[in-house]
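The following paragraphs lead the reader through a protein model, beginning with its aromatic rings and ending with its overall build.

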Amino acid sequence: LGLLLASLADALLELETADNGLFVAGLAAFLASHLCYLVALPALPLWAQPPGLKGGLKGGGGAPVYFGATAPRPSALALAAECAPKEAFAAYGALLLCVLLPHIGEGFLRAAVVAYAAVLAAMGAVACGCARAADEAAGGRPEAASAARLGAWGSVLFVASDSLLAIDRFVAPLPIARWAVMTTYLAAQALLADSFALAPPR
């Protein structure tokens, strides 16, 4: 679904003109695509947990955040969020908005860009949290960790691609913007698709 929504967003942005307002529609489609990945990617680290796991996955502060059969399991999203580099992605999202917002007027578009930047940063952070969770999981299967790492790299490239696109559109034209945006975007989608294809079954 994330890939389909991203394809819809691509089509809308290709058809966009100054008069038809399709940029906002494309932005909304990409936002929905990121939300799909945000929900789907955290499933990957949990697949590295054997059903009777007695050990613990250590969170950022060293406290165990998952105990298998010995305690209620947290949600996949909560587990990924616990391991996510939240501060780094929050700082990046804030910095990106500081660069963009002076060039965007008041109104719906400004609010949409703020929401998009927040979701983009959250998706990148959670994807990296997935990779960390899968790497640290006691007894984890290597294929789950590999799939999660691909998802993390894909998400980071997605953040880079969208950042370049936004700067080129709102701040100043970049010399090789289209080439750079499309290269990072296609690589991101390929890595995200591979992460789901390579993930082991539950």
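Two rings of Phe, Tyr or Trp are said to pair if their centres lie within 6.5 Å. By this criterion, a search of the whole structure, which is a predicted model, finds six aromatic pairs. One of them joins phenylalanine 23 and phenylalanine 170 in an edge-to-face arrangement, with 5.8 Å from centre to centre and 80 degrees between the planes. This pair links distant parts of the chain, since phenylalanine 23 belongs to helix α2 (residues 22–40) and phenylalanine 170 to helix α7 (residues 142–171), 147 residues apart. Both phenylalanine 23 and phenylalanine 170 are buried. The ring of phenylalanine 23 has a further partner: the charged end of arginine 169 sits over it, 3.7 Å from the ring centre.

Tyrosine 37 and phenylalanine 158 also form a pair, which counts as tilted because the ring centres are 6.4 Å apart and the planes stand at 55 degrees. Tyrosine 37 lies in helix α2 and phenylalanine 158 in helix α7, so this pair ties together parts that are 121 residues apart in sequence. Residues under 20% relative accessible area count as buried; tyrosine 37, at 4% relative accessibility, is therefore buried, and phenylalanine 158, at 0%, is buried too. Tyr37 and Phe158 belong to one aromatic cluster together with Phe30, Tyr185 and Phe196.

The overall build may now be considered. The protein contains eight helices and zero strands. Of its 202 residues, 42% count as buried. Among contacts between residues at least 6 apart in sequence, 71% join residues at least 24 apart. The protein exposes about 9,700 Å², of which carbon and sulfur atoms supply 71%.

Conventions. Residues are numbered from 1 along each chain as its sequence is written. This is a predicted model: local features need pLDDT of at least 70, side-chain atom pairs count only at pLDDT 80 or more; totals for chains, interfaces and linings use all residues. Side-chain values use heavy atoms; hydrogens and water are left out. Helices (H or I, at least four residues) and strands (E, at least two) are DSSP runs, numbered from the N terminus. Buried means under 20% relative accessible area, exposed over 50%, partly exposed in between (1.4 Å probe, protein chains only). Contact means heavy atoms within 4.5 Å. Accessible areas come from the Shrake-Rupley method with a 1.4 Å probe; for residues, only the protein chains shown count as cover. Rings of Phe, Tyr and Trp (its six-membered ring) pair if their centres lie within 6.5 Å; planes under 30 degrees apart count as stacked, over 60 as edge-to-face and the rest as tilted. A charge sits over a ring if NZ of Lys or CZ of Arg is within 6 Å of the ring centre and within 35 degrees of the ring normal.
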